[in-house]
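Welcome, and please get your viewer ready. We will go from one selection to the next, with a short note at each stop.

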Amino acid sequence: YNDLKKLKQEKEELEEVLEAKVYGIRQHNLNLDIPNTWKLHEKIGLEYDTTLGFNEFVGFRWGTCFPFYPLDRETAKPLSLLEIPLIIEDIALFSYNNPWEVCMDIINTVEKYNGVLTILWHHSVFNDIEYPRWREVYEKIIKVCKEKNAWVTNAYEVAKWWKKRCSVNL
């Protein structure tokens, strides 16, 4: 998150293995040195980041559920990198006494503001033996959002849509 050379090398290696372009990132452990990490992401050609969130809590870091282009204070211009804030992380969510109630409060708030609900569910927590109910809560989040007519997709599609939305002149 703070080493340009390593970020560039890791992105190139991943693209080689995938045989596809990597467009976005979420830093492990939500490591984010604002604004330096965003500037490094921009320099290596990433289009979006989903790191802006909490490790210990769920909710709206910086008070928003909307993607945004961070402002570069040195140039007084927005970066070309889109930040899509992380709202719910599984590990943080299950530190609450009633995770589902917390989810519903957040889902309803995002719906009220027509925002974007970004969730992070680690693959390892789909192990029902070690993480009972975690899979069930994930599935319920998806189900409720679909019932509310939400667009359920990935960060790449959100970033493409947001970029197109921003290019429209009204």
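The tour starts with the sheet, moves on to the nonpolar cores and ends at the aromatic rings.

Before you click, note that this is a predicted model, in which local features need pLDDT of at least 70, side-chain atom pairs count only at pLDDT 80 or more, and totals for chains, interfaces and linings use all residues. Residues are numbered from 1 along each chain as its sequence is written, and side-chain values use heavy atoms, with hydrogens and water left out.

**Stop 1: the sheet.** Select residues 24–25, which are β1, and 82–83, which are β5. Add β2, residues 48–49. Together these three strands form an open sheet in the order β1-β2-β5, with parallel pairing. Strands here are DSSP runs of E with at least two residues, helices are runs of H or I with at least four, and both are numbered from the N terminus; two strands pair if DSSP finds at least two bridges between them. β1 and β5 are the edge strands, each pairing on one side only. Two bridges join β2 to β5; zoom in on Tyr48 to find its bridge partner in β5, Leu82.

**Stop 2: the cores.** Now show Ile88, Leu93, Trp121, Val137 and Ile141, the residues with the most contacts inside the largest nonpolar core, which has 20 residues. Such a core is a set of buried Ala, Val, Leu, Ile, Met, Phe, Trp, Tyr and Cys residues joined through side-chain atoms within 4.5 Å; buried means under 20% relative accessible area, exposed over 50%, and partly exposed in between (1.4 Å probe, protein chains only). Helices α3 (90–93), α4 (99–112) and α5 (134–147) each give two or more residues to this core, and the largest share, six residues, comes from α4. A second, separate core of twelve residues includes Leu7, Val22, Leu46 and Leu52.

**Stop 3: the rings.** Select Phe94 and Trp134, a stacked aromatic pair at 4.2 Å centre to centre, with 10° between the planes. Rings of Phe, Tyr and Trp (its six-membered ring) pair if their centres lie within 6.5 Å; planes under 30 degrees apart count as stacked, over 60 as edge-to-face and the rest as tilted. Phe94 lies in the loop between α3 and α4 and Trp134 in helix α5, 40 residues apart. How buried are they? Phe94 has a relative accessible area of 17%, and Trp134 one of 12%. To finish, add Trp121, Phe126, Tyr131 and Tyr138, which ring pairs link with Phe94 and Trp134 into a cluster.
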